[in-house]
Amino acid sequence: MSALIFDVDGTLADTEHAHLAAFNAAFAAEGLDWRWDVPLYTELLTISGGKERIRHYWERVNAGVRDIDGTALDVLIDHLHEVKTAAYEQAVLDGAVRLRPGVLELIDEARRAGVTLAIATTTSPVNIAALLRQALGPDWRRAFAVIEDASTAPRKKPNPQVYRQTLQRLALPAAQCLAFEDSANGLQAATGAGLATIVTPNDFTAHHDFTGALRVLSTLEGVTLDTLRAWHAEVSVASAARAG
């Protein structure tokens, strides 16, 4: 086990309540009568990407309406997402989002032990920076050997692009890494790249199907590198048995 690869939203931190509030703040600021509640947002989270969720919802509430040249809707979505991102960043700065239990301890232990850390997410670079700068300090990037995000991996999860690119940049085979996710889309993306995956669901993803996960845990609290190495070894043994 040479590297740990983390998703961000919902995995490193319970961010979705803050994201939901930021979406609603953006809608209100732009004079839209949209207001997403928790059940609706839980449904929309099956669609990866904030802009993609806005587009999906617009098409739902404007069924039959078509943007003739496709540009006006794109401009609206881009602007709404910019306003939403600014609101989310302010919420993080205000302390509305914190790392999930056990995450910081595991990151610190891995760094001391020389285990490589990476991020594989399809959220925006701004969202990542806002969260981790607040949680790990201004030098947070030094903790991660590779950071893949929406700017470098445009194909959203469950497409495995972001994980494949992360592995390529790490120059490591999937068999030497563990991924950490919180959703079915994330699990599908990670396993699609051949990665054994630990899943820590949250309020918005607890109902997802996590078949194929190495472990499904409520949090990473109390999980150590020794624990992860033992679980990772199970994958190696199982692979060897299948090969034999």
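## Tour: a helix pair, a ring cluster and helix H7

Select helix H3 (residues 50-61) and helix H4 (residues 71-93): the two pack at an angle of about 130 degrees, and their axes are 10 Å apart. That angle makes H3 oblique to H4. The model on screen is a predicted one. Viewed as a crossing, H3 and H4 are right-handed.

Now show the side chains at this contact. From H3, pick Gly50, Lys51, Ile54, Arg55 and Trp58. From H4, pick Leu73, Asp74, Leu76, Ile77, Asp78, Leu80 and His81. Coloured by class, the residues of the H3 contact with H4 divide into 6 nonpolar, 2 polar and 4 charged. On the spacing of such picks along a helix: an α-helix has 3.6 residues a turn, so residues three or four places apart point the same way.

Next, turn to the aromatic rings. The model has 10 aromatic pairs, counted with ring centres within 6.5 Å. Start with Trp36 and Tyr41. Their ring centres are 6.1 Å apart and their planes stand at 25 degrees, so this pair is stacked, the limit for stacking being under 30 degrees. Trp36 and Tyr41 are both buried.

Keep Trp36 selected and add Tyr57. The centres of these two rings are 5.5 Å apart with the planes at 75 degrees, so the pair is edge-to-face. Which parts of the chain does this pair tie together? Trp36 lies in the loop between helix H1 (16-29) and helix H2 (38-44), and Tyr57 lies in helix H3, so the pair ties together parts that are 21 residues apart in sequence. Trp36 has a relative accessibility of 1% and therefore counts as buried. Tyr57, with a relative accessible area of 11%, is buried too.

Widen the selection to Phe23, Phe27, Trp34, Trp36, Tyr41, Tyr57 and Phe204, which ring pairs link into a cluster.

The last stop is helix H7 (residues 161-170). Which residues of H7 are buried? They are Gln161, Val162, Tyr163, Thr166, Leu167 and Leu170. To see what surrounds them, display these elements, against which the buried residues of H7 pack:

- strand S1 (3-6)
- strand S2 (116-120)
- strand S3 (146-148)
- strand S4 (177-181)
- helix H8 (184-192)

Finally, step past the end of the helix to Ala171. This residue follows H7 and has a positive phi, near 60 degrees.

Notes. Residues are numbered from 1 along each chain as its sequence is written. This is a predicted model: local features need pLDDT of at least 70, side-chain atom pairs count only at pLDDT 80 or more; totals for chains, interfaces and linings use all residues. Side-chain values use heavy atoms; hydrogens and water are left out. Axes are lines fitted to C-alpha atoms, for helices over the stretch in contact, and angles run from 0 to 180 degrees between N-to-C directions. Helices (H or I, at least four residues) and strands (E, at least two) are DSSP runs, numbered from the N terminus. Angles under 35 degrees count as roughly parallel, over 145 as roughly antiparallel, 65 to 115 as roughly perpendicular and the rest as oblique. A crossing is left-handed if the near helix is turned anticlockwise from the far one by less than a right angle, and right-handed if clockwise. Contact means heavy atoms within 4.5 Å. Ala, Val, Leu, Ile, Met, Phe, Trp, Tyr, Cys and Pro count as nonpolar, Asp, Glu, Lys and Arg as charged, and the others, Gly among them, as polar. Rings of Phe, Tyr and Trp (its six-membered ring) pair if their centres lie within 6.5 Å; planes under 30 degrees apart count as stacked, over 60 as edge-to-face and the rest as tilted. Buried means under 20% relative accessible area, exposed over 50%, partly exposed in between (1.4 Å probe, protein chains only).
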